[in-house]
Amino acid sequence: MSPLAIKEHPELETIQSKGHTTDVGTGAFKLLDNIIYFIVKPEDNQKNWVQILGLLSNKREYRWCRRDYLQCPDSFTKYKVFLPNSNGSGALGEVLSTPLIGEPLIGATETFLSIGCFDTKEEAQACLKYVKSKFARVMLGILKTTQHNTRECWKFVPLQDFTSHSDIDWSKSVHEIDLQLYKKYGLSAEEISFIETHVKEMA
C-alpha cells in the first residue's frame, strides 16, 4: 500500500504485521475490511476506485480499493494472467489451480502471482493457453518442487511471443500448442511420450 494509505489510516500500523504495514498480504481482505477494501464500490466519485482479487475463507473474491492507496506495478493497467502463489505439492507437470486473465485496472493480493504485461486480451489469452500447456508445466516443475509457486520457479519456462507474429499459432487448442512447442524445442519421441502419458491436460 502507498504512504498515503498509511497517513490517512494510521491504524494500519497496528492492524498489519510488524514490518509488513504496506503489504497487501493473503489476509488483507479480512484484516482491512471496510477500511481499505470494500465489497460494494463506495459512493465517492471524487476517488478513483479499482478492483483487487484476493482470497477470503479460501474463496476468490474481488474488493474495491482506492487506486491512490496502492503501489501498482506496470502490469496493473495492462492485461495479465493471475495464478495462485501456492498450488499443489510440487509434482512434475501438476495441474495449476484455475489461472485466469486479469483485466486492466484489476490487481491482486500477494496470494496471486501475476504473469505478463499485455496490451491486448488476445495476448493474455495466448499466455493463458501457454500456462496450461503440458510443456510449460513440466518446465515449471524443474524448480517448483513444493507447493510454493514463486516467480523464481518459472526460471526455466521459456519466454514466448504471444502476438500474431509468434512462431507458435496460439489460436490452436492447448494440445496442438503443445505439439508445436515439442517441435520448437526439439523434444525426442521418448520425451514427448513421457510428458503425454504422465501429465494431465488442463481444461
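Trainee: Which residues is Tyr130 in contact with, leaving aside its neighbours within four places in sequence?

Mentor: This is a predicted model, so read every contact as a feature of that prediction. A contact here needs heavy atoms within 4.5 Å. By that test, Tyr130 touches Phe135, Ala136, Val157, Pro158, Gln160, Phe162, Trp170 and Leu181.

Trainee: Which residues have the most contacts inside the largest nonpolar core?

Mentor: Tyr130 and Trp154 do. That core has 31 residues. Two or more of them come from each of β3 (79–84), β6 (112–118), α4 (121–132), α5 and α6.

Trainee: Which element gives the most to this core?

Mentor: α4, with six residues. Another core, of 17 residues, lies apart from this one. Its members include Ile6, Val24, Tyr69 and Phe76.

Trainee: Let me take a polar residue now. Where is Asn149?

Mentor: Look in the loop between α5 (134–140) and α6 (174–184).

Trainee: Is Asn149 buried or exposed?

Mentor: Apply the cut-off: buried means under 20% relative accessible area. Asn149 has 1% relative accessibility, so Asn149 counts as buried.

Trainee: What does the side chain of Asn149 make polar contact with?

Mentor: Check both backbone and side-chain partners. A polar atom of the Asn149 side chain lies 3.0 Å from the backbone oxygen of Pro84. The Asn149 side chain also makes a polar contact with the side chain of Trp154, at 2.9 Å. You met Trp154 above, as one of the two residues with the most contacts inside the largest core.

Trainee: Which residues is Asn149 in contact with, beyond its neighbours within four places in sequence?

Mentor: One run is Leu83, Pro84, Asn85 and Ser86. The others are Leu113, Leu140, Lys144 and Trp154.

Trainee: Now a contrast. Is Thr98 buried or exposed?

Mentor: Exposed means over 50%. Thr98 counts as exposed because its relative accessibility is 53%. Find Thr98 in the loop between β3 and β4 (100–102).

Trainee: How far apart are Thr98 and Trp64?

Mentor: Give two answers, one along the chain and one in space. In sequence, Thr98 and Trp64 are 34 residues apart. In space, they are 22 Å apart, C-alpha to C-alpha.

Trainee: Try the same with Arg67 and Asn48. What separates their C-alpha atoms?

Mentor: A distance of 5.8 Å, with the two positions 19 residues apart along the chain. Arg67 and Asn48 are also in contact. Further partners of Arg67, beyond four places in sequence, are Val50, Phe76, Thr77 and Leu105. Phe76 belongs to the core of 17 residues.

Trainee: Where is Arg67, and how accessible is this residue?

Mentor: Arg67 sits in the loop between β2 (59–66) and β3. Its relative accessible area is 29%, so Arg67 is partly exposed.

Trainee: Let me step back to the whole chain. How many helices and strands are there?

Mentor: Seven helices and six strands. Read their order from the N terminus: α-α-α-β-β-β-β-β-β-α-α-α-α.

Trainee: What share of the residues is buried?

Mentor: Of the 203 residues, 44% are buried. The accessible surface comes to about 11300 Å², with 53% belonging to carbon and sulfur atoms.

Trainee: What share of the contacts with a separation of 6 or more joins residues 24 or more positions apart?

Mentor: They account for 65%.

Trainee: And the charges: how far apart are their mean positions?

Mentor: The protein has 24 positive and 26 negative charges, and the two mean positions are 2 Å apart. For scale, the C-alpha atoms fill a box of roughly 60 × 35 × 25 Å along the principal axes.

Conventions:
Residues numbered from 1 in each chain as written. Predicted model: local features only at pLDDT ≥ 70, side-chain atom pairs only at ≥ 80, totals over all residues. Heavy atoms only, no water. Helix = DSSP H or I, 4+ residues; strand = E, 2+ residues; numbered from the N terminus. Buried < 20%, exposed > 50% of the residue type's maximum accessible area, 1.4 Å probe, protein only. Areas by Shrake-Rupley, 256 points an atom, 1.4 Å probe, with all protein chains shown as cover. Lys, Arg positive; Asp, Glu negative; His and termini not counted. Charge placed at Lys NZ, Arg CZ, Asp CG, Glu CD. Polar contact = N/O pair within 3.5 Å; in protein donor to acceptor, adjacent residues only side chain to side chain. Core = buried A, V, L, I, M, F, W, Y, C linked by side-chain atoms within 4.5 Å.
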